[in-house]
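Here is a walk through one chain, from its overall make-up down to a few single residues. Have the model open while you read.

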Amino acid sequence: HEDNITSWTFGDVPEQISVNHGGIEIPSFPAVIDRGDSVSLRLVPTVALAKSLTEYGVMRLAAIQQKKAIKTQIRWLPDLEGHALIASQFSTKENLHRGLKDLVAKLAFIENQKFLPKDETDFETLMSNAIEKISVASQQLANVLPKFFSAYQELQLAISERKGTGVDEVVAAIKSQVKRLMPDDFWLATPWMWLQRYPTYFRSAKFRLEKLSKATIRQELEMEDQFGNHLANHEKALQRHQSQGIHDVELTKFRWMVEELRISTFSQQLGTLIPVSEKRMEKQWLKVE
């Protein structure tokens, strides 16, 4: 139990330790927890949660150590000012830069890594060739950002053009979808696999608006209720898992299958990343803890 850590000075992180409570040995799992500008050490109740938290904790320590290099790479991203202008519709410039820096650190030091550091030697090994890793991560980001902001801006224009046309409920549903996709920490919190799909989600919503007519509103709203039920189930399960210290990859997959189902429903021409249907949603839900 330690706070305000900014470098790997805490020795080994064992996979599991036993804690005695009233004469009963209870297994606990050490985690390195991201606090934004430092990390903390805590014990958590499951190994899956410890792994999930520690990924972000290691990312934070890497971001602190490589702060200057990451900041330099962010400055070199093409058309960053133009992206910031569009991003001002949902974020501040400071939050955008902070989110992109964190994402670069995540891509450089966590994504596709075969192991998480368990001690200082492991961490220093992870930091080897850090500049090269940061450069590769920045290029990954540079490939996605233009598509992201272009598709987002096109969707916002499409939304503004449908005001006062008698389709307010569907427009409100699309606005809610976008808001749910983009909480304050979405750059870091969204799995990279799904963050890369955001331009497709925005384009799908735009196609939906373009095809929308008064004759199809009832059907659209019925389908929206279906998506809402899936999202409500996800939210309830997520809250339950958080209270019980559970990290469930199957629940995460279920969440993003909802977005893929929207594409399958409204814009099949864009293609889905994974096969999805209502039947597959039901099967996936059965896998949730």
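What follows starts with the whole chain and then moves to helices and loops.

This is a predicted model, in which local features need pLDDT of at least 70 and side-chain atom pairs count only at pLDDT 80 or more, while totals for chains, interfaces and linings use all residues. Residues are numbered from 1 along each chain as its sequence is written, and side-chain values use heavy atoms, with hydrogens and water left out.

**The whole chain**

The secondary structure comes to 13 helices and 4 strands; helices (H or I, at least four residues) and strands (E, at least two) are DSSP runs, numbered from the N terminus. Along the principal axes, the C-alpha atoms fill a box of roughly 65 × 50 × 30 Å. Of the 289 residues, 45% are buried. Buried here means under 20% relative accessible area, exposed means over 50%, and partly exposed is in between (1.4 Å probe, protein chains only). Among contacts (heavy atoms within 4.5 Å) with a separation of 6 or more, 69% join residues 24 or more positions apart.

**Two helices and what covers them**

Take H7 (residues 168-181) to begin with: its 14 residues reach 20 Å from the first C-alpha to the last, close to the 20 Å expected at 1.5 Å a residue. That expected span is 1.5 Å times one less than the number of residues. The buried residues of H7 are Val170, Val171, Ala173, Ile174, Gln177, Val178 and Leu181. Seen down the helix axis, they fall within an arc of 160 degrees, so they line one face of H7; the arc is that of the directions from the axis to the C-beta atoms. Over on the other side, Asp168, Glu169 and Lys179 are exposed. The cover over the buried residues of H7 includes H6, H8, H10, H11 and H12.

H11 has 28 residues, and its end C-alpha atoms are 40 Å apart, in agreement with the 40 Å it should span. Its buried residues include Glu220, Glu224, His230, His234 and His241, along with Met223 and Phe227. H7, H10, H12 and H13 (278-287) are among what covers them. Right after H11 comes Gly245, with a positive phi near 70 degrees.

**A crossing pair**

How do H2 (residues 67-75) and H4 (residues 93-109) meet, and at what angle do they cross? Their axes come within 10 Å and cross at roughly 115 degrees. The axes are lines fitted to C-alpha atoms, for helices over the stretch in contact, and angles run from 0 to 180 degrees between N-to-C directions. On the H2 side the contact is made by Ile70, Lys71 and Ile74, and on the H4 side by Leu100, Lys101, Val104 and Ala105.

**A buried glutamate**

Glu260 sits in H12 and is buried, with a relative accessible area of 0%. Not counting residues up to four places away in sequence, Glu260 touches Trp194, Arg197, Tyr201, Thr272, Leu273, Ile274 and Val276. Its C-alpha is separated by 9.4 Å from that of Thr200, 60 residues away along the chain.

**Two loop asparagines**

Asn112 and Asn129 have positive phi values without being glycine.

| Residue | Phi | Loop | Relative accessible area |
|---|---|---|---|
| Asn112 | near 65 degrees | between H4 and H5 | 74%, exposed |
| Asn129 | about 55 degrees | between H5 and H6 | 55%, exposed |
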